[in-house]
Amino acid sequence: GPGKCNGGFSPLDGFMDEETYKSVVGGMKLPSGLMFSLPVVFDTDDEKLGPGSKILLKQGDLDVATFEVSDKYVPDKPLECLKCYGTSSLEHPGTQMVAMERGKYYLGGKLTGLNKPVREFPCETPEEVRARLPDDVDIVAFQCRNPVHRAHYELFTRALDAPNVGADGVVLVHPTCGPTQPGDIPGTVRYKTYEVLKEETANPRTFWAYLPYSMHMAGPREAIHHMMIRKNFGCTHFIIGRDMAGCKSSIDEEDFYGAYDAQDFALENGPKMGMQAVPSLNLVYTDEEGYVTAEEAKEKELSALKLSGTKFRKMLRGGEDIPEWFAFKSVVEVLRQNA
């Protein structure tokens, strides 16, 4: 997996042994007492592998890392799912993955990086990202896994005005470019939408970096996991949305997590790891005053315009004009070329 060798998952230096795994699943912390929310494991069905084994991890023909196994154990998968995903229902994609796709055993041990994996978009190490961020100012992370439209842009640029963010603060837009859910826009296309937007907006208070991470849809615990990764990349604050890493049941489309669970969870737990949460504003676009918060629109009885994702995709395919209040021209062009 990404990030293990380059400091993204610091202080881990490999895959978790049984003691660490149990501590993280059961108590959301490492044996050292440091907060850590999701297990980072190597699974196998191989009876022969075990302590003393050396495994070469490859990406195609490229040697990416060596893994020295020091522990082999049978995980408590139902408990892991219940604690990490809040459910052991197989309708939840995270639970499905743990139960059906992961092997019978987990192996723990140290990883030593050999070569950086090749990606379809550049992913810098936390150290490289930290080096190009300004010193001694607040750095607010914004995480997304879809193209950035006007409302997102308004949301993360206005986050700099939050009362707990310093005057010279900057935003680090940090899209996850790993595999997401079926039907999502391919990584290469998403990467291109971010690059053209960076040029179109040319905002000196906005920095961009890409994260090779796949979403597990683990609700509140994943929000904490993302916070920790962003902290390793030099961020001090984290914008947390309503249904952060939310997830719908594969059968009846019911949400698994309450809309604000993750937000409350992060507000409470972020400070324990030196990260402050900035709650994201619920913005709507109005004829009269452009983007304002939903509360303000209601209070002033402004007329809010709505455009659903489904309708947007339909307009995109039909070659219709997309209103500029909804999406950036440059982003729309890239999406059209690749529709």
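Let me start with a loop residue. Ala-202 is exposed, with a relative accessible area of 58%. This is a predicted model, by the way. Where does Ala-202 sit? In the loop between α6 and β8. Its phi is positive, about 35 degrees, although Ala-202 is not a glycine. Most residues other than glycine have a negative phi.

Glu-301 is another case. Its phi is also positive, about 55 degrees, and again this is not a glycine. Glu-301 lies in the loop between α9, residues 294–299, and β13, residues 304–305. Buried or exposed? Glu-301 is exposed, at a relative accessible area of 71%.

Now the sheet. It is open, it has five strands, and the pairing is parallel. The order reads β8-β7-β6-β9-β10. Which strands stand at the edges? β8, residues 206–208, and β10, residues 276–279. Each has a single partner strand, so one side of each lacks a neighbour in the sheet. On average, neighbouring strands are turned by 30 degrees against each other, direction ignored.

Look at one pair in detail. β6 covers residues 139–142 and β7 covers residues 170–173. They run parallel, and four bridges join them. Val-140 stands opposite Val-171 in β7. Helix α5, residues 150–158, packs on this sheet. It touches β6, β7, β8 and β9, the last being residues 237–240. The direction of α5 makes about 155 degrees with that of β6.

On to the cores. In soluble globular proteins, nonpolar side chains tend to be buried together. Here the largest nonpolar core has 50 residues. Which of them touch the most other members? Met-16, Phe-36, Leu-57, Phe-67 and Leu-172. Helix α7, residues 219–232, gives this core its largest share, five residues.

Take Phe-67 from that list. Set aside its neighbours within four places in sequence. Its contacts then include Phe-15, Phe-42, Ile-55 and Leu-57. Leu-107, Gly-108, Gly-109, Lys-110 and Leu-111 are also among them.

There is a second, separate core, of 39 residues. Its members include Leu-160, Tyr-191, Val-278 and Val-332. Val-332 takes us to helix α11, residues 329–337, where it is one of the buried residues. The others are Ser-330, Val-331, Val-334 and Leu-335. What do the buried residues of α11 pack against? Two helices: α6, residues 187–201, and α10, residues 309–317.

Definitions and conventions:
Residues numbered from 1 in each chain as written. Predicted model: local features only at pLDDT ≥ 70, side-chain atom pairs only at ≥ 80, totals over all residues. Heavy atoms only, no water. Pairing = 2+ DSSP bridges. Axes fitted to C-alpha atoms, helices over the stretch in contact; angles between N-to-C directions. Contact = heavy atoms within 4.5 Å. Core = buried A, V, L, I, M, F, W, Y, C linked by side-chain atoms within 4.5 Å. Buried < 20%, exposed > 50% of the residue type's maximum accessible area, 1.4 Å probe, protein only.
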